[in-house]
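Hi everyone, thanks for making time this morning. I'd like to walk you through a structure, so let me put it on the screen.

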Amino acid sequence: MNLKFFSRNSLSVAGALVLGVASLTSSVNAFAVDELHILIPGGAGGGWDGTARGTGEALTKSGLVKTVSYENMSGGGGGKAIAHLIETADQQDGTIMVNSTPIVVRSLTKVFPQSFRDLTPIAGIIADYQALIVTNDSKYKSWTDVVADLKKNPRSVKIAGGSSKGSLDHLVPAAAAKAEGIDPRQIRYIPYDAGGKAMAALLGGETELLSTGLGEALEMARAGQVRILVTTAPSRVKAAPDVPTLKELGNGTVFANWRGYFGAPGLAKDKVNEYAAVLAKVQDTNEWETVRARNGWVNDYKAPEDFYTFLEQQEEELGTLMRELGFLQ
Amino acid sequence: MLDGILTGLSTATMPINLFMVFIGCFVGTFIGMLPGLGPISAIALMIPITYGLDPASGIILMAGVYYGAIFGGSTSSILINAPGCSGTVVTAFDGYPLAQQGHAGKALALAAYASFTGGTVSAIFLLVAAPALASVSLSFQSADYFALMVLGLSAVAAFSGKGNILKALLMTVLGLMISTIGTDRSSGVDRFTFGRMDLVDGISFLLLAMATFALAEALMSILKPDENAEADEDAMSNLGSMKLTKEEVKEVAPVIARSSVLGFFVGVLPGAGATIAAFLAYGFERNLAKAKEKLKFGMGSLKGLAAPEAANNAASSGSFVPLLTLGIPGSGTTAIMLGALISYGIQPGPRLFLDNPEVFWSVIISMYVGNIVLLILNLPLIPYISRLLAVPRQILVPMILLFSITGVYLVSFNSADIQIMVIITVLAIIFRLLDFPLAPLLLGFILGGMLEDNLRRALLISDGSYSFVWERPITLTIFSITAFVLVAPIASGMWKRYRQKTLGYGASMQE
């Protein structure tokens, strides 16, 4: 849902046409893991695809894993791959599945019946914070200005997002409004079918505020077209030292759109630790840095237990908000 | 700016970049010809190669693949009724009948000329006005897109082929209905998915087009072997003349010119794209055509072939305007290219042509070169390329089935799509046997999704008031054109009858 055009079509669609391509083997002999199979719950060119193939590239080139193979399986917003991993769990101890925040949202909304609890969370690897942005000539100079208008009339600010109602793009401004004491059900969210189209609508003046990933927002800000009002990071991000966070403004909304890996249910503990260790180690390599920089990712490693706790916490927060917005019973 | 253009010219004509254009066009044409595999698949294949290249060379290569694929997509549309990519679906409407009538060579040549003109015209527009056109990209809002889709639907009669209008309307409605399957964006609620996970993401246009055209056609040729086979084999073995007569050139030249301009501007809009451009151009030309020519649309009209071919190529070049000047991708293909640019450390946007003039201008200039390369590459190859498809029917039909199904699968990686394709194909065959035209189904489907999304967005923005219909000049203008298009034929018919009556009356008075 929140995988918008920019991130959705990130780069590593390489070899998308060749099923289960094995990557280059490295010259190093002692591999931490010999073979790794990555299940991608979406099609070629999506955000999940890019994450999986980028991780795989860094893992093999750095010599941590000998071969990495990929399998795309889309359908049901990722639900099909989850069901597949659960059904064939006993043959899947060499498989990890890439996923991200939508797994939490979609299991809450019952797009698919399973949740992260039915899988074995292995590790979170990267995160993207959400940003609220306006055009350069906007009358809004700060988040406080927006709040002032929202308080007068919650329907006076048109907020665009590149994904449907009830998606992360919608939930973030709703959460931020709620924290200011504004009825989140009153805010006016305008859904577009891709991040690019939502951006065009902001630049064209059809909407006043855009809710999008910080990575995309930074790219647009660098091109000099938009101003980032505020981010949902826990503290100011290095790439945008002048942009305040909602937390420091006293709003308190902190939100990270993570990407990470899961194993089949009942995956042996030593396997989980083995994969988690490899995913941790790769983040210190130059090969990972190349891939990370190319895609504009922000490292945010979470070990298995922390990852699980984090997911529970996120499910709780998103669940409360979605119930309040009327997306859940 | 002139400096920039000169820098671009010298970058674009560097041997390595000329080579990239050539490779890109060649690979693109080839992949585009395979049913179902379009520009996205082609560009995805090239990405690992572009990592090692200069930014300018890399993007020139991808651009070449992009318009090469759209160029090549028309070949399989014309020869076997299996669209190479969504942008060339409309090409099949008249291109395939032409090939069946033994004019395959002429159809392919005309498609090549029309594509060339479309691409070149928009390359010139880009060169002259790319930075200024950014404002055109942003001027269209949801209400305007909605009006544009209504205008597109008003052309439904153009897609009725030989069937009657009522059947065409029914099929349009069916297409509109199918477009509502999946998650509804405005409310986030699933519609008509029957609890099936595989329907949550809706049905893709390419899947529908491949099932109703490529698969249905291939299977029909088995069901009714004698009806199509002879004509087809004749078309394959004997390409017919590739030359257009002077009258034919005169007939299609204005069509190509109009469609190129129309296609370019539709391409500039981030919310539309090459497929919509082709549909709009086809409908527009049918509306402009004389009564006698109208009947030929869908039966092998040269105009009906030239219009979408010029438009889809012009639109694919046009979509570089929002990409390069605003950093906004209008389609999946340009989104991948945006990702590639960013990974080179180049940020497309209003400052691109100041910060990286060599990239900005060389891409645009390479489009000229690319179009010439495509023409040189394609014209002499037409006889050989089509020979590939002139294999015996018992081999060709399974091949079409294989390529069409894998083509759709390789985009989505969802095995249920294959089952859905089979079901739709069976339905499509029933419709064909009952003489229901399938083109209006595709028209309804492709416009339906955007029609609904944009209407609901426009209503959200105007807070539920329909005032946007007359408050925005662009919206009002488009609606006025629509009204004119709908009323004009009726009015002119009545006027004629009235004239005849009065004249007849006058004549009888004199007697």
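Let's start with chain B: how many helices and how many strands does chain B have? The count is 22 helices and two strands. Please keep in mind as we go that this is a predicted model.

What about the overall build of chain B? Its radius of gyration is 23 Å, close to the 24 Å that the globule rule gives for 511 residues, so chain B is as compact as a globular protein of that length. If you lay the C-alpha trace of chain B along its principal axes, the span is about 80 × 60 × 60 Å. Within chain B, 59% of the 511 residues count as buried. And if you take the contacts in chain B with a separation of 6 or more, 79% of them come from residues 24 or more positions apart.

Now over to chain A. Here the domain assignment gives two pieces: domain 1 of chain A covers 5-127 + 258-322, and domain 2 of chain A covers 129-255. Their centres, taken over C-alpha atoms, are separated by 28 Å.

So how many residues of each domain of chain A are in contact with the other? On one side there are 11 residues of domain 1, and on the other 13 residues of domain 2. On the domain 1 side, the elements of chain A that contribute two or more residues are helix H1 (5-8) and helix H11 (304-325). For those of you who think in side chains, the residues on that side of domain 1 of chain A are seven nonpolar, four polar and no charged.

Thanks for listening, and I'm happy to chat afterwards!

Technical notes:
Residues numbered from 1 in each chain as written. Chains lettered and ligands numbered in written order. Predicted model: local features only at pLDDT ≥ 70, side-chain atom pairs only at ≥ 80, totals over all residues. Helix = DSSP H or I, 4+ residues; strand = E, 2+ residues; numbered from the N terminus. Rg over C-alpha atoms; globule rule 2.2 N^0.38 Å. Buried ≥ 20, exposed ≤ 12 C-beta atoms within 10 Å, placed from the backbone. Contact = placed C-beta atoms within 7 Å. Domains from an automatic or database assignment. Nonpolar A, V, L, I, M, F, W, Y, C, P; charged D, E, K, R; others polar.
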